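Trainee: Could you take one part of this structure and go over it closely with me, and then show how its surroundings fit together?

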Amino acid sequence: MTVESPLMATDDDRLLTGWGRTAPSRATVRSPSTYDEIAAAIQEAGPRGVLARGLGRSYGDAAQSGGATVFDMTGLHRFELDIDSGTVTADAGASIDEILRAIVPAGFFVPVTAGTRFVTVGGAIAADIHGKNHHVEGSFGSHVVSMRVVDGTGHELVLSPTDETTKDMFWATVGGMGLTGVIVEATFRLLAIETSSMSVDTVRCHDLDDVMARMIEGDDDYRYSVAWIDSVAPSGRGVLTRGDHARREQLTRKQMDAPLAYATPALPSAPAFIPNGLLNSASVRAFNEAWFRKHPKSRSNEIHSIPGFFHPLDGVRDWNRVYGPQGFLQYQFVVPDEAGWIVERTLSRLRDAGAPSFLTVLKRFGPANPAPLSFPHAGWTLAADVPAGNEALAPILDELDELVAEAGGRLYFAKDSRQSPSMVARTYPRLAEWHSVRDQMDPRGVFTSDLGRRLSL
Amino acid sequence: MIDAVGEPQSVLVLGGSSEIALATVEALPRTRLRRVVLAGRPSAEIDRAAAHLGALGIPSVETTLFDAADTGSHGAFVDGVFDDGDVDIVLLCFGVLGDQAEAEADPTKAVEVATVNYTGAVSVGLNIAQRLRRQGHGKLVVLSSVAGTRAPVELRLRVDESRFDAFAQGLGDALVGSGASVLIVRPGMVRTRMSDGLPERAHDDRSRSSRLSDRAGAAQRQERHLRTRSVAVPDDRREGGTSTVVSTLTPVAIGYAVGRWL
């Protein structure tokens, strides 16, 4: 007779991390093929609980849960375009990538896309993702008409922002990081587009003040706006790119042959193994210099492709591996307008730490939506990628957290992998309100994640 | 959880009055540390250790009864600690230093020593490994040669230690892929309270120290050889399994070395 060792890994065991590849934990991963399977698994959940996971693009520990059952939602990815109402109804596991491939040729675009199109609909809602149009059109959750969510008792709810009885649950689920229930399906509004091209204005800015002044002055004229900042140069010089979907009259005759053609480039991969430290100050400096130079000093109404404008990094598969096995993190905060100086301070403190940021992005947010845990608020948001192995980093980020909290800002859960529970309590003042709705939707505390445990959510 | 920049939130110390354990806890990053459990027999040392850690600003420092020899109580003890919240780091640092002559004269004394140092450690070590596997993350730090102070080299009871070391290595291998990992610390000479009054022989120190590090070095090389996984991914921390830290000198130096690894 043989006894199965309680220590040995089973076939369904997986070590999961976020996109930053830090702090792995083991979970039992299941790939449900029906909503009923999800409901049944929730009813049978053990003490470590359950969690839904999409494409794993959250940088930290949001889509992993040690010892829990994690649903790989990507197997459920049907979706349907309703041309008349201009909406898509999609399984939570459907990706923005596959939805774009179907809807762009039909003359539609997603209401919000992040810097990667490899995000599921469920993840887009749970993190309430934002994109280059936040200052005009808000975050993803603001465009959701309704969603189906399996709650902590295994019952399926239909939530809508306009229904008095479900709107609190709806908004608690938007930005709720998967901790109120498993989103299984959502219907969201699309943007009608005339062409699959983008009309883009680019300007190189000689320092950070120049970047920020131009954004304050001109962002309102554009649907999409974002600035890339040279994190190595003390001036904080940058490249501001702004634009909108091109209209038909902006296309050349040749482009007019297929105005809604949409193709994503074939992906080259980052090498499978990259040692720690390859991405050092010298290589980051060289990259930032090249990135700055590759852009024109100033150019208007240039025609770009959707992938080139929105998702440049999706052109390199597994680019997160360039940080080596110790992984990396993205520090992203938002602060109100009057605390814009924290942007400069952050860049200079990261330079002091010798923590080179490969890609640094600055954007202005518009007003917040009603979701208590939604990240975006009016003001400045800065996102900087830094290698996790840098030992000087932890205290410097804590110091920056303090400035962000003091200024009334906060950090983005989808990027976080190291903030403290007290930082969350301080910077998300509506946490208690969210807790009470969450407790109503998940009375047994079934939905758990490493992020939730780490931050006492 | 130990976060992306290596900050732990909770630590359990078995052998809560151990100077090496205390030095290790002190060497850990503390900004996210919110719970330390010191487990051991009630003593003035363990209370002092708790007071000392509390004074460092750690929000919750508990002392709890743990009797290594009472193996029947280990399951409930470990469950009690883990049921109150995930444990990121477990330091297994208990052991008694047997007296050679006394043990040879009185076999029951020898059994007592063996029970604590080997049977007790295996029992609680397995209980902890199961809970770490269930939570899917965490690090078990095993001080292999707990009584590896200035005990006479020829002490035959040391066989417990080598058996326990082998057990800990096996535990690390079993936990590969579990999210949890084992760190075996093999200290050389350590001057602690336990070693007070024992003869210090400089020439022995040298020879023993070099033999220990040779052995550890060989073990490390062998481990790398056997576990090809750790060659492909040079950072053992990501893959679970066993890593080894060898240190000598003082509890503080060992604490520092272990703290760096974690």
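Mentor: Let us start where Phe333(A) stands opposite Leu411(A) in strand S19(A), with helices (H or I, at least four residues) and strands (E, at least two) taken as DSSP runs that are numbered from the N terminus. Please keep in mind that this is a predicted model, in which local features need pLDDT of at least 70, side-chain atom pairs count only at pLDDT 80 or more, and totals for chains, interfaces and linings use all residues, while side-chain values rest on heavy atoms, with hydrogens and water left out. Residues are numbered from 1 along each chain as its sequence is written, and chains are lettered from A and ligands numbered from 1 in the order in which they are written.

Strand S19, residues 410-411 of chain A, pairs with S16(A) in the antiparallel sense over two bridges, where pairing requires that DSSP finds at least two bridges between the strands. S16(A) also has strand S18, residues 379-387 of chain A, as an antiparallel partner, here over eight bridges, and within S18(A) the residue bridged to Gln332(A) is Ala383(A). S16 itself spans residues 328-335 of chain A and is mostly covered, since eight of its eight residues are buried, buried being under 20% relative accessible area, exposed over 50% and partly exposed in between (1.4 Å probe, protein chains only). In a regular strand the side chains alternate between the two faces of the sheet. In S16(A) both faces are covered: Phe328(A), Gln330(A), Gln332(A) and Val334(A) are buried on one side, and Leu329(A), Tyr331(A), Phe333(A) and Val335(A) are buried on the other.

From this strand we can turn to the side of chain A that meets chain B. There, 36 residues of chain A are in contact with 32 residues of chain B, contact meaning heavy atoms within 4.5 Å. The area buried between the two chains is about 2700 Å², with carbon and sulfur atoms giving 53% of it (the accessible area, with a 1.4 Å probe, that two parts lose on being put together, summed over both). In chain A, the residues that lose the most area to chain B are Leu7(A), Leu15(A) and Arg26(A), which together give 24% of what that side buries.

Between chain A and chain B the count is four salt bridges, each a side-chain nitrogen of Lys or Arg within 4 Å of a carboxyl oxygen of Asp or Glu. In one of them, the side chains of Asp13(A) and Arg133(B) meet at 2.2 Å, N to O. At least two residues each of the side of chain A that touches chain B come from strand S1 (13-16), strand S2 (25-30), helix H10 (393-406) and helix H13 (450-454) of chain A.

A glycine in this region deserves its own look. Gly66(A) lies in the loop between strand S3 (50-53) and strand S4 (69-72) of chain A, and it counts as buried because its relative accessibility is 0%. Leaving aside residues up to four places away in sequence, Gly66(A) touches residues of both chains, including Arg26(A), Arg48(A), Asp450(A) and Arg453(A) as well as Arg134(B), Gln135(B) and Gly136(B).

That S3-S4 loop also holds one end of a salt bridge. Asp61(A) and Arg454(A) meet through their side chains at 2.7 Å, N to O, and this pair links distant parts of the chain, with Asp61(A) in the loop between S3 and S4 and Arg454(A) in helix H13, 393 residues apart. Both Asp61(A) and Arg454(A) are buried.

In chain B, the side chains of Arg131(B) and Asp83(B) form a salt bridge at 3.1 Å, N to O. Arg131(B) belongs to helix H5 (residues 107-135) and Asp83(B) to helix H3 (residues 74-83) of chain B, 48 residues apart. Arg131(B) counts as buried because its relative accessibility is 11%, whereas Asp83(B), at 56%, counts as exposed. Salt bridges that share partners also join Arg48(A), Asp450(A), Arg453(A) and Asp86(B) into one network.

Finally, consider the loop between S1 and S2 of chain A, where Arg21(A) is found. Most residues other than glycine have a negative phi. Arg21(A), which is not a glycine, has a positive phi near 60 degrees, and at 15% relative accessibility it counts as buried. Ala23(A), in the loop between S1 and S2 as well, has a positive phi of about 45 degrees although it is not a glycine, and it is partly exposed, with a relative accessible area of 21%.
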